[in-house]
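Hi everyone, thanks for coming. I've got one structure to walk you through today, and I'll keep it short. Have a look at it first.

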Amino acid sequence: MKEHAYWDNRVAFVLAAIGSAIGLGNIWRFPYICYKFGGGAFLFAYLIVLIIVGIPLLLLEFSIGYKLKGSAPFSLGRIHYRVKGFEDDKELVERRGSFEWVGWFAILVGFGITTYYSVIMGWSADYLVYSFNTAWGNAPKEFFFNRVLGLTDSIFHLGGIRWPILLGLAVSWVWIVLSIWKGAKTVSKVVYVTVLLPWAILLVFVIRGLTLPGAFEGIKYYLTPDWSKLLHAELWHAAISQVFFSLTVGFGVMIAYASFLPPKSDIVNNAFLIGLADAATAYVGGFAVFSTLGYYAHLQGVPVSQVMKSGPELAFVTYPTIINHLPLAPLFGVLFFLMLLTLAIDSAFSLVESVVASIMDKFGIRRWKANIGVAVAGFLIGILYTTGGGLYWLDVVDHFMNNYGLFLVGLLESVIIAYFYRAENMRSFANSISERQIGKWWNFSIKWIVPLSALVLLVFSFTGTILSPYGGYPRRAEFLGGWLVLGVFIIASLVLSRYKKGGEA
Ligand code: TRP
């Protein structure tokens with residue numbers, strides 16, 4: 001039995017997909033990568049990759065979900081392949097198999113990300129509270145690493161649970177579950193707040209940033225193009241990974257979201273709109289980040305390159321430091337962490353929703369049971385990251401999910417559609433329901449560009465990992481947080497896809 005919910009309207013769908021795409025990656029990852037890989041030159045490369053890899057993949061996921069009407073495992077389970085083999089008596093037999101396991105694998109990788117993404121939301125929730133009296137005082141770095149995280153000296157030294165983080169984590173999960181309580185129905189309402197609010201706050205930070213002394217210096221660092229970087233393979237590697245991660249493709253989310261589209265929905269226009277909105281948010285995010293960093297560098301009398309950080313350190317150390325120097329510091333603190341939380345929440349719940357949709361499709365259980373089951377599982381796993389060694393584990397798992405899981409799914413998805421379902425079939429389907437038409441270039445992208453770039457990145461990551469352990473962690477940690485997790489995910493996907501409900505053929 002399936003309780004099929006649809007989006008309230010087109011705007012709700014578009015906002016939900018944008019909300020899933022924009023997240024911490026737009027604020028703390030994109031600006032830094034852009035600066036590192038030649039500013040304006042990177043922007044140019046990013047847009048190219050977005051058009052030839054990102055949007056085609058987004059279109060692919062939308063078409064799969066819309067055409068096959070279900071979550072990732074359900075939809076991919078409807079695409080079959082034949083295997084020929086011999087029985088014991090050497091008689092030739094044909095068997096049909098399905099790609100359901102790829103859907104489960106995609107979902108599990110996304111779920112793996114959500115287990116730590118929600119912990120980062122937990123930090124943000126704590127910082128929202130700390131902002132009221134700028135609790136980090138004059139030593140934000142010491143405060144974050146020692147007082148909040150209680151970071152230990154090594155990955156195998158867990159050092160106990162940090163209770164405020166655990167509390168923040170619980171709050172995040174409750175918020176996630178409430179946001180998807182009745183599936184697309186609830187999400188349709190929630191996204192007006194969780195997408196529009198962070199955009200509004202971001203605008204406040206851009207304006208505040210640009211009116212600070214030194215802002216222009218910062219922007220110069222961000223955007224001055226270094227065209228020679230276009231010749232470096234690392235730039236393209238970075239652009240492709242960022243596009244994949246930022247669009248939230250390869251996790252089954254967009255498949256599930258498209259399956260909630262009512263009949264007669266356009267997908268081509270929407271895919272372009274969503275892809276470009278995500279890029280625009282990242283680009284504008286860079287103005288907020290770099291103008292503020294320019295101000296900070298100006299205060300310290302150092303070049304911007306010396307204050308540039310990315311990831312957690314940018315959000316939880318550098319930003320609090322800068323906020324200390326602003327008039328109305330608590331207000332900007334609250335706004336900043338509210339922005340992080342609302343940016344992150346819709347990425348997190350989109351993924352949880354896609355897990356819930358998959359479980360409902362497969363096992364026919366009630367939505368509320370699936371919601372709560374997934375949340376409890378995510379919360380329990382997340383406890384690892386709330387310990388003193390949690391940041392190290394977060395780092396390792398993040399690396400493996402993004403550099404292996406994600407590309408593997410991208411590779412498999414494109415190959416399945418291009419060669420088993422046939423790219424042309426999917427293209428004519430997408431065109432038949434959309435106002436704007438996609439040209440034959442899409443087939444080329446899905447057959448060659450997407451799988452080849454995913455494959456090349458997989459090989460890159462693999463040789464990198466073989467040559468030296470990621471981040472200098474012990475091999476044992478890399479095995480537990482990386483290979484073992486991926487292995488378990490693959491086995492679990494195969495088992496899940498084999499499982500049949502009693503009596504079903
Ligand atoms: N797109 C999100 C961002 O830019 C990150 C993201 C990708 C994500 N896949 C996810 C978050 C799965 C949670 C779950 O930040």
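I'll start with the ligand, then go to the cavity around it, and finish with the largest pocket.

One thing up front: this is a predicted model.

Okay, so where does the ligand sit? It sits in the largest cavity. The elements that each put two or more residues into the shell around the ligand are helix H1 (10-21), helix H2 (24-36), helix H5 (100-131), helix H10 (233-247) and helix H14 (329-363). H5 gives the most to that shell, with four residues.

If you zoom in, there are 16 residues surrounding the ligand. The closest are Ala 21, Gly 25, Tyr 117, Thr 248 and Phe 251. And what kinds of residue make up the shell? By class, you get seven nonpolar and nine polar residues, and no charged ones.

Now for the contacts. A polar backbone atom of Ala 21 is 2.9 Å from a nitrogen atom of the ligand. For Phe 245, again a polar backbone atom, the distance to a ligand nitrogen is 3.0 Å. Then there's Ser 246, with a backbone N or O atom 3.1 Å from a nitrogen atom of the ligand. How much of the ligand does the protein bury? Taken alone, the ligand exposes 360 Å², and the protein buries 100% of that.

Let's turn to the cavities themselves. A quick reminder of the idea: rolling a probe the size of a water molecule over the atoms shows where empty space is left. In this structure there are four cavities of 30 Å³ or more. The largest cavity has a volume of about 180 Å³. It's lined by 18 residues, and closest to its centre are Ile 113, Tyr 117, Phe 245, Thr 248 and Ser 347. H5 gives the most to this lining, with four residues. By class, the lining divides into nine nonpolar, nine polar and no charged residues.

Last stop, the largest pocket. The space in there is about 1200 Å³. 37 residues line the pocket, and the ones nearest its centre are Arg 29, Asp 395, Asp 398, His 399 and Tyr 470. The elements giving two or more residues to this lining are H2, H5, H10, helix H13 (311-324), helix H16 (390-433) and helix H17 (441-467). By class, the pocket lining has 18 nonpolar, 13 polar and six charged residues.

That's my tour, thanks for listening.

Conventions:
Residues numbered from 1 in each chain as written. Predicted model: local features only at pLDDT ≥ 70, side-chain atom pairs only at ≥ 80, totals over all residues. Heavy atoms only, no water. Near = heavy atom within 4 Å. Polar contact = N/O pair within 3.5 Å; in protein donor to acceptor, adjacent residues only side chain to side chain. Areas by Shrake-Rupley, 256 points an atom, 1.4 Å probe, with all protein chains shown as cover. 1 Å grid on protein atoms, 1.4 Å probe; cavity = no way out; pocket = protein on both sides within 12 Å on 5 of 7 lines; lining within 4 Å. Sits in = over half its atoms within 2 Å of the grid points. Nonpolar A, V, L, I, M, F, W, Y, C, P; charged D, E, K, R; others polar. Points joined across faces, edges and corners; volume = space filled by probe spheres on them.
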